[in-house]
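Biologist: Could you put the model up, so that we can go through it together?
Modeller: Here it comes.

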Amino acid sequence: MKLILLGPPGAGKGTQAAQLVERFAIPQVSTGDMLRAAVREQTPMGLKAKEFMDKGALVTDEVVIGIVRERLQQSDCGPGFILDGFPRTVPQADALKATLSELGKNLDAVVSLQVETDALVERLVGRRSCRSCGRGFHVNFDPPAKAGICDSCGAELFQRDDDQEVTIRNRMEVYHQQTAPLEDYYRQAGLLKTVDGMAPIAEVQQQVLGILQAL
Ligand code: AP5
Ligand code: MG
Ligand code: ZN
């Protein structure tokens, strides 16, 4: 299963990907997570990427295309993968197509999570993530059993640097200008499937599973 989860910031890409990983035992390939790891490790690429991420802007195509190309060649991606947050521009989508064709693979579906802007802001403002295992929560919609503590591993929860309201607005704008055109791109390729991302987390998962079963 080779899948793209498409959707604006806060649409639930990471949340849905995590559940698919458990069910199908294929990796989640999240460029956001990989870039945040590089920032934490203070690699030269991470230091450069941080400047863009803090503003809510996109990191250059060249950098993200490079890290995804390398990641998709690793053996755990052989049986399939879930792309989360990539591609985000038409050049990234073209590069993905080229990489997959080099590897002799095809995408099965592009699942687009449809969520209204006001709901996205509310989700991002209330999001908390685990410092250790990365699991995501929401203070109202998916709260941990104990405030500030991860249910899975007991580590501390934190708020992402780019989940401040001003940065969130920028990320939305960038999404509409640079990423939203990918809906048409994949519709024309016959791969686009849309899901009502406004539904509760478990219902969205059922919709995604329904799409995958029909493939
Ligand atoms: P990235 O990490 O990809 O962030 P994003 O696209 O802005 O998406 P988010 O992770 O914020 O949202 P999500 O859809 O995963 O939502 P989640 O499941 O957490 O990218 C960050 C930055 O890295 C970019 O700004 C850019 O600078 C750089 N970058 C990354 N990839 C790049 C690329 N390809 N090219 C260039 N630059 C790149 O859910 C959000 C919250 O809502 C959670 O609290 C969750 O619990 C809750 N929630 C989820 N689903 C529901 C639901 N159905 N109902 C209620 N609450 C829900
Ligand atoms: Mg995410
Ligand atoms: Zn954890």
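Biologist: Which residues coordinate the zinc ion (ligand 3)?
Modeller: Bear in mind that this is a predicted model. In it, the zinc ion (ligand 3) is coordinated through the SG atoms of Cys-130, Cys-133, Cys-150 and Cys-153, at 2.2 to 2.4 Å.

Biologist: And what geometry does the site of the zinc ion have?
Modeller: The site is tetrahedral, with angles of 97 to 120 degrees among the four donor atoms.

Biologist: What spacing do the donors follow along the chain?
Modeller: The donors of the zinc ion (ligand 3) follow C-x2-C-x16-C-x2-C.

Biologist: Is Cys-150 buried or exposed?
Modeller: Cys-150 is buried, because its relative accessibility of 3% falls under the 20% cut-off. Two other donors come out as partly exposed, namely Cys-133 at 44% relative accessibility and Cys-153 with a relative accessible area of 39%.

Biologist: With those cysteines around, how many disulfides does the structure hold?
Modeller: The structure holds zero disulfides. Another cysteine, Cys-77, counts as buried, at 0% relative accessibility.

Biologist: Changing topic to empty space: how many cavities of 30 Å³ or more are there?
Modeller: There is one cavity of 30 Å³ or more, and the largest cavity holds about 60 Å³ of space.

Biologist: Which residues line the largest cavity?
Modeller: Its lining consists of Ile-4, Leu-5, Leu-6, Gly-7, Lys-13, Gly-85, Phe-86, Pro-87, Arg-88, Tyr-175 and Thr-179. By class, those lining residues divide into six nonpolar, three polar and two charged.

Biologist: Which elements supply at least two residues of that lining?
Modeller: Strand S1 (2-6) and helix H7 (165-179) each do so, and S1 gives the most to the lining of the largest cavity, with three residues.

Biologist: You listed Phe-86 and Pro-87; what kind of peptide bond joins them?
Modeller: Phe-86 and Pro-87 are joined by a cis peptide bond, with omega at about -5 degrees, and both residues are in the lining of the largest cavity. Pro-87 itself sits in the loop between strand S3 (81-84) and H5. As background, most peptide bonds are trans, and most residues other than glycine have a negative phi.

Biologist: On phi, then, where is Ala-25 found?
Modeller: Ala-25 is found in the loop between helix H1 (13-24) and strand S2 (28-30). Although Ala-25 is not a glycine, its phi is positive, at about 55 degrees. Ala-25 also counts as exposed, because its 66% relative accessibility is over the 50% cut-off.

Biologist: And what about Gln-42, is that residue buried or exposed?
Modeller: Gln-42 is exposed, with a relative accessible area of 57%, and its place is in the loop between helix H2 (31-40) and helix H3 (44-55). Phi of Gln-42 is near 55 degrees, which is a positive value in a residue other than glycine.

Biologist: Back to open space for a moment: what volume does the second largest pocket have?
Modeller: The second largest pocket has a volume of about 210 Å³. Helix H5 (90-102) and helix H8 (181-188) are the elements that give two or more residues to its lining, and H5 gives the most, with four residues.

Biologist: Which residues line the second largest pocket?
Modeller: The lining is made up of Ala-93, Lys-97, Leu-100, Ser-101, Lys-105, Asn-106, Leu-107, Tyr-185, Tyr-186, Ala-189 and Leu-191. They divide into seven nonpolar, two polar and two charged residues.

Biologist: Last topic, helix H9: is Val-208 buried or exposed?
Modeller: Val-208, which is found in helix H9, counts as buried, at 0% relative accessibility. Gln-213 is found in helix H9 (residues 201-214) too, but Gln-213 counts as exposed, at 64% relative accessibility.

Biologist: What separates the C-alpha atoms of Val-208 and Ala-37?
Modeller: The C-alpha atoms of Val-208 and Ala-37 are separated by 28 Å, with the two residues 171 residues apart along the chain. For Gln-213 and Val-68, which are 145 residues apart along the chain, the C-alpha separation is 26 Å.

Methods
Residues numbered from 1 in each chain as written. Chains lettered and ligands numbered in written order. Predicted model: local features only at pLDDT ≥ 70, side-chain atom pairs only at ≥ 80, totals over all residues. Heavy atoms only, no water. Donors = N, O, S within 2.8 Å, 3.2 Å for Na, K, Ca; no water. Tetrahedral: all angles 85-135°; square planar, octahedral: opposite > 155°, others 65-115°. Buried < 20%, exposed > 50% of the residue type's maximum accessible area, 1.4 Å probe, protein only. 1 Å grid on protein atoms, 1.4 Å probe; cavity = no way out; pocket = protein on both sides within 12 Å on 5 of 7 lines; lining within 4 Å. Points joined across faces, edges and corners; volume = space filled by probe spheres on them. Nonpolar A, V, L, I, M, F, W, Y, C, P; charged D, E, K, R; others polar. Disulfide = S-S within 2.5 Å.
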